[in-house]
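Work through the exercises below with the structure in view. Each task is followed by a solution in steps.

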There are 2 protein chains.
Amino acid sequence: MAKIGDVARRAGVSTATVSRALSNPDSVRPETRKLVLDAVRELGYTPNAAARNLRAGRSRMLLTVVPLLSNSFFARIVSGIDQEASRRGYGTIISEESPDSVEKQAHLLDLAAAGLFDGVLLLSALMPRVGRRSLADMGMPLVRVCSRREPGAGAVLLEEREATLIQTRHLLGLGHRRFMYISGGAGNINDIPRYEGFCEAIAEAGLQPDQQIRVEGFFDFASGTAAAHRFLELRAEGRAPTAIVAVGDQMAIACMKGIQEAGLRIPEDVSIVGFDGIDFTNYCQPTLTTIVQPAEDMGAAAAGLLIDMLQGERDPGEIVFPATLRVAGSTGPAPAG
Amino acid sequence: MAKIGDVARRAGVSTATVSRALSNPDSVRPETRKLVLDAVRELGYTPNAAARNLRAGRSRMLLTVVPLLSNSFFARIVSGIDQEASRRGYGTIISEESPDSVEKQAHLLDLAAAGLFDGVLLLSALMPRVGRRSLADMGMPLVRVCSRREPGAGAVLLEEREATLIQTRHLLGLGHRRFMYISGGAGNINDIPRYEGFCEAIAEAGLQPDQQIRVEGFFDFASGTAAAHRFLELRAEGRAPTAIVAVGDQMAIACMKGIQEAGLRIPEDVSIVGFDGIDFTNYCQPTLTTIVQPAEDMGAAAAGLLIDMLQGERDPGEIVFPATLRVAGSTGPAPAG
DNA sequence: TCGATTGATGTAATCGATTACATAAATGGT
DNA sequence: ACCATTTATGTAATCGATTACATCAATCGA
């Protein structure tokens, strides 16, 4: 592997000149620059990253911490991050969250302390932490994506409150009055604005939010199945809701399935809306009415913001994306009676 | 950020001793070791990665190149890779394939030349390449995952041929005789063994493989929808197959939907099997009979193999995983007539 | 008790690129 | 024509950890 000295020798200049010709081309004479660039090309020279990082005190790497990669909503955000980071000359290190594995979190903190990355994109609500040390209080520049606001950190968010508001209004407009709300878990910070939006819409319609049924979920299929069971119990008691608001598509899809398996029809017997807009919402039966989050764009925006922050061109700010409702087959008029 | 010199001063020893106490504890006296470790703890010292990498000529990083992250089959492999790599003290850099973006491929080659990672996991059939330079002929250690064999590279594979063989046998056993096969595209290397397995089963039953219908797909939803259209055309001509073999779950699910929308029932009118075993196969309507690939395990095995190769403990070998058929709701007896 | 061997630690070179500072050449003003 | 300034390039220090080699003390055998 060619080193800067080899290039210098070949071009008949010093290593300093080679370095300058590459990183600050205007500072060398055009003829010299050509000599250097030719030598670089002939030798296939690429500066060694470790040496450069050591000297520069940065790595041009970003860490992305994601709760669950197999959730395609997160996967799409990561995809957007990768796109934008790579466009701007940064690499992306990825790590799946593991709240239970202290080892893995410690490994992350070590990588941070070792200077392996310059900043962090946190798709997770949880902050990697071991004892009292965490990424944030190591002074690591941070952007939160779809997770929460945090002083000193950037944030990329959806209009969460608006989202459930329009979602619920859509159902109210179809005549629904009795709802089941499947949350993302009280631990998840998005839960608050989303539930607020739901409650606001309910109140607008002159109904009591606290008389609606709320079920706790964790964004996974199992939560959806559990919610379906709850729904069926309620139905047996004669007090089933006619509409279900799930704040995650996977939960919505699993719930839909659980209900269909009991012989009920969607949307004739019960309507359901999801949240995220993953691809499968277009391929389940019926297609799922859902809030579409522009996941790739949000990822790209987050990476862009973080890189701006690293380059000192932007203060940790907040980027808010609008929520859109995609109406599909899973919602229909409330059944009579 | 504390440096090795700070630790040395605090412990009253030389930097060499600090380094030894950390990387080769047996080479220092127990009392000295304690002095050093105490100082390390008190100062919160972590060795700087760039300096260490520069000296050692390696980075303890792996690159994973993935075709499409939002495909949850790939996402699960990545998850397994991350798990195992992190367990063994390696980090994972991720990059989504972009056959059209020369820029991005060049970026990858630069990162490789810069020594940013020690080895590559390639989930993609395509090799990142710019002109005649590619990752492989830079001498980068390589493990292919579910993509193809390659001289000098490790490989983690499913018994592809077996998979379609048992899949097709299952359908034959249900009485099906007319098939549609949705491929993963002639460009994809898995296509060959998978199609072979299909043909072998067909031949076993005394049928002509080349009289079955073959449709080209690309593992995405759109391919499945297109295949459904083709199926409906064939049906209009009175020569519809009774069973569909799709070598990807997303294609199978989209195809299923296209067929259902035309008013046909699955599996009563037509049976369909998928390939991969993604979560959604359990949540579509009906649930999808499919080949289950142990994606996480395959990812972990691949990372393990690559790290063994890097540490000189193993030659690039081949790890083959068995295929299992998960029978679900999308397959049933062939319709009479 | 003396030289040889072993063990523990320190000194300093090294990895490869960047950049402050030094130097030399070229340009400009008067 | 001379000094001041600018421009281009070279020399060498630097980033922080690792490790070959040097050094010194302790142990051992005869």
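The exercises concern a predicted model and deal with its DNA contacts and its two protein copies.

**Exercise 1.** Find which residues come nearest to DNA strand C, and state what share of the strand's atoms within 4 Å of the protein is sugar and phosphate.

Solution. Start with the 24 residues around DNA strand C; those that come nearest are Ile4(A), Arg55(A), Thr17(B), Thr32(B) and Arg55(B). Next, take the atoms of DNA strand C that come within 4 Å of the protein: sugar and phosphate make up 64% of them.

**Exercise 2.** Locate polar side-chain atoms that lie by a phosphate oxygen of DNA strand C, and give the distances.

Solution. In chain A, a polar side-chain atom of Lys3(A) is 2.9 Å from a phosphate oxygen. For Ser19(A), a side-chain N or O atom is 2.9 Å from a phosphate oxygen of the strand. In chain B, the distance for Thr32(B) is 2.3 Å.

**Exercise 3.** Describe the surface near DNA strand C by helix and by residue class.

Solution. Helix 2 (15-23) and helix 4 (49-56), in chain A and in chain B, each supply at least two residues. Helix 2 of chain B gives the most, with four residues. By class, the surface holds nine nonpolar, nine polar and six charged residues.

**Exercise 4.** Work out how chain B is related to chain A.

Solution. Superposing chain B on chain A takes a rotation of 180° with 0.0 Å of shift along its axis, and the RMSD is 0.1 Å. This is the relation of a two-fold axis. Then compare the interfaces: 100% of the interface residues of chain B are also interface residues in chain A, so the copies meet through the same surface.

Terms used
Residues numbered from 1 in each chain as written. Chains lettered and ligands numbered in written order. Predicted model: local features only at pLDDT ≥ 70, side-chain atom pairs only at ≥ 80, totals over all residues. Heavy atoms only, no water. Near = heavy atom within 4 Å. Polar contact = N/O pair within 3.5 Å; in protein donor to acceptor, adjacent residues only side chain to side chain. Nonpolar A, V, L, I, M, F, W, Y, C, P; charged D, E, K, R; others polar. Least-squares fit on C-alpha atoms with pLDDT ≥ 70 in both. Contact = heavy atoms within 4.5 Å.
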